[in-house]
Amino acid sequence: MAKLVIVESPAKATTIQKYLGAGYEVTASMGHIEDLPKSKLGVDVENNYQPVYVEVKGKEDLIKALKKKAQKCDRIYLATDPDREGEAISWHLARLLDLDLSDKNRVTFNEITKTGVKQGMEEPRTVDLDLVNAQQARRILDRLVGYKLSPFLWRKVRVGLSAGRVQSVAVRIVVDREEEIRAFKTKEYWSIDALFQAKSSRKAFEAKAVSKGGKKLTIDNEEQANAILKELEGQTPSVTKATKSVRRKTPAPPFITSTLQQEASRKLGFQSRRTMRAAQELYEGVEVEGVGSVGLITYMRTDSLRISNEALDAAAEYIGERFGKAYLPSTPRVFKSRASAQDAHEAIRPTLPLMPPDRVKPSLTTDQFKIYKLVWDRFIASQMANALLDTVKADIQMGDYLFRASGFTVKFDGFTALYEEGKDEEGEKSSALPALEEGETLKTKELKGGQHFTQPPARYTEATLIKTLEQDGIGRPSTYAPTISTILNRGYVERDGKQLKPTPLGEVTTKLFKDLFASIVNEEFTAQMEDGLDKVETGSADWVKMLDGFYQGFAKDLEDAEKAMEGKRVKIPVEETDEVCELCGKPMVIKSGRFGKFLACSGFPDCKNTKKIVKPTGGICPKCGGKILQKKSKNGKKFFGCEHNPQCDFLSWDEPTGDNCPKCGKSLLKKRGKAGRIYCSDPDCDYSN
């Protein structure tokens, strides 16, 4: 009789079946087979918060098939994902198939390779009930908040809204940042910038005035700047100090879940859900030409920076052969995980470090290749030698004023020959300086005052929001992507380019939560709940007591909120526009529906005129002469089309510049990307810049 191995996905089943071979049948549960019911709370609050599980709708035939296969096998292995969620699925499967929970029938794979599968099968264990209880506690917590708080929002704000223990805190973070931006008072300041030239170089270099008479220089307005420029007239700049040093630049550690999502957002423009989908596929296994089905990366939900010795050896072998021994550090790099890391799995790394991205590119989808390259580059670079930079800092005296210049040249590129980590914000640019000697006089090429204004904090992007959630201990690796997707899909937050901006709905509900549920929907409390769940996972806390400690306070807050809001309803502010309703002449306003935002007449219900939101671009359609409008596709992507669509079929992903072609007079378009090429919208015109 065959041995049955149950995993979560068909792709994973295919890959594992190849490694186990004859004598094993590998099948998939397709995720959860049991869950709390959708139509009711499903938690017996009066009986120690016992959950009431039901079979997932639509999986009746699958469950029957699993039971039938189980009856024909003499041994069953539960091989779902190696995390809390996977442990809970294994527990549900064990109950469904009447397995003995004291049997060692649970196996886990950190990587879906021949070695990883063999190792996992050789180390079966019992289902970890502490992990199961931690997952149950999280699920019940989220159910209690969602099913108790959401109806309150329906009655007091708008039908169909949802609330969540983590999602509501994420919205609050975005709203709080928006309030900071609005409250920010811009302040003017000036700088004195110089271009100096050394005798040994033809190229001028930049320097900035930093002090006067030993005191820090602050310039508030143009008048002060002009007075300083007048003082500097006729003064000869002289180098008073030139400091040379070597700076070591170390590589970033391999990815964990949060940093992978951040870097994919920065470098690829990927939303977190898109990143995790491609990573899941790479973990479960893809068919690689000449190799067969193989998992190309380790498990992608992790907060550990641990790396196996075998992987370190393979990375060193590749680096030595590809770049040379000079690019290897004296000892393999070991990175320290955060104190709160669970350390259940390795960092995210390629399972086969000797298989570079170009080798597997023909076998991967575009998204899979981009994520694999990111993971592979980051891991290999993390095991490469430091980059060495020759730095120069120069102090230049000009009258009473001290100017400062700094720069560097690359002495040894080290890990940067392969990869450098992206940044959320651009730092000050630094360039190479000529050889400068103390006492050397310089030539002044230019002196000017520069006007600047202090800037408010930037809105969150997906990358910076995930970084904040992680730093504040809100959520865990598996929750970042679904949390962000939820707050966007529910209309609490919207995208403005890469930035996340709260909607009026998000601001209204956040204010309501701050006023009525301040002790629950806040960063510190949510982080404490995550710590509590971690303690349940390690067996050092009782999950029922943890839930009860939360629920008693929550129930009291909910009762008080109902009393405070009795007979009241919160109004969501409408967004006004300059557009006028062509049917009745009243202003149009922006409203939100299940398919996104739309224009509606402010005279509703007397006038029910609605239409799509379109934005003029200044471009003219090359086919019919109509206006080119900015539109959105069904999945939210921006594109540009003629106002006369569908009669005119002109469409483009590239944005009109607002300028006309110098050759034919038609509108110019700009290719996407920072260095986007500008070209003519008329396909018969060859103008390009």
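Two strands count as paired when DSSP finds at least two bridges between them. Keep that in mind for a hairpin in this predicted model: strands S17 and S18, with 2 residues between them. Strand S17 covers residues 493-496, and its antiparallel pairing with S18 runs over 4 bridges. Across the pairing, Arg495 stands opposite Leu500 in S18. Look in the turn for Gly497, which has a positive phi of about 70°. Strand S18 (residues 499-502) also has two faces to tell apart: Leu500 and Pro502 make up the covered one, while Gln499 and Lys501 make up the uncovered one.

Further along the chain, you'll find an open sheet of 3 strands, in the order S27-S28-S29, with antiparallel pairing. Strand S27 (655-660) and strand S29 (678-680) each have a single partner strand, so they stand at the edges and one side of each has no neighbour in the sheet. On average, neighbouring strands here are turned by 40° against each other, direction ignored. Zoom in on S27 and strand S28 (residues 667-670), and you can follow 3 bridges in the antiparallel sense. Within that pairing, Asn660 stands opposite Ser667 in S28.

Now for the aromatic rings. A pair of rings is described by how far apart the centres are and by the angle of the planes. The count for this model comes to 15 aromatic pairs. Take Tyr283 and Tyr299: their centres are 5.1 Å apart with 65° between the planes, which makes the pair edge-to-face. Tyr283 belongs to helix H9 (residues 272-284), and Tyr299 sits in the loop between strand S13 (292-294) and helix H10 (309-322), so to speak a link between distant parts of the chain, 16 residues apart. Both Tyr283 and Tyr299 are buried.

Compare that with Tyr327 and Phe412, whose ring centres are 4.7 Å apart and whose planes are at 45°, so this pair is tilted. Here the link spans 85 residues: Tyr327 is in the loop between H10 and helix H11 (357-360), and Phe412 is in strand S15 (residues 401-412). Is Tyr327 buried or exposed? Its relative accessible area is 15%, and buried means under 20%, so Tyr327 is buried.

Ring pairs also build a cluster, made of Tyr49, Phe152, Phe513, Phe517, Phe525, Phe550, Tyr551 and Phe554. Some rings have a charge for company instead. The charged end of Arg95 sits over the ring of Trp91, 4.6 Å from its centre. Likewise, Arg274 has its charged end over the ring of Phe270, 3.8 Å from the centre.

What about empty space inside? Searching the whole structure turns up 1 cavity of 30 Å³ or more. The largest cavity holds about 50 Å³ of space. Its lining consists of Ser162, Ala163, Gln167, Ser168, Val171, Tyr492, Thr509, Thr510 and Phe513. Helix H6 (167-183) and helix H15 (504-516) are the elements that give two or more residues to that lining. Phe513 is worth a second look, since this lining residue is also a member of the ring cluster.

One last stop is Leu195, in strand S8 (residues 188-197). With a relative accessible area of 26%, Leu195 lies between the 20% and 50% limits, so it counts as partly exposed. Leu195 and Leu442 are 247 residues apart in sequence, yet their C-alpha atoms are 9.9 Å apart in space.

How values were computed
Residues are numbered from 1 along each chain as its sequence is written. This is a predicted model: local features need pLDDT of at least 70, side-chain atom pairs count only at pLDDT 80 or more; totals for chains, interfaces and linings use all residues. Side-chain values use heavy atoms; hydrogens and water are left out. Axes are lines fitted to C-alpha atoms, for helices over the stretch in contact, and angles run from 0 to 180 degrees between N-to-C directions. Rings of Phe, Tyr and Trp (its six-membered ring) pair if their centres lie within 6.5 Å; planes under 30 degrees apart count as stacked, over 60 as edge-to-face and the rest as tilted. Buried means under 20% relative accessible area, exposed over 50%, partly exposed in between (1.4 Å probe, protein chains only). A charge sits over a ring if NZ of Lys or CZ of Arg is within 6 Å of the ring centre and within 35 degrees of the ring normal. On a 1 Å grid over the protein atoms alone, a cavity is a set of points where a 1.4 Å probe fits but cannot get out, and a pocket is an open set with protein on both sides within 12 Å along at least five of seven lines; lining residues have an atom within 4 Å of a point. Grid points are joined across faces, edges and corners, and a volume is the space filled by probe spheres set on the points.
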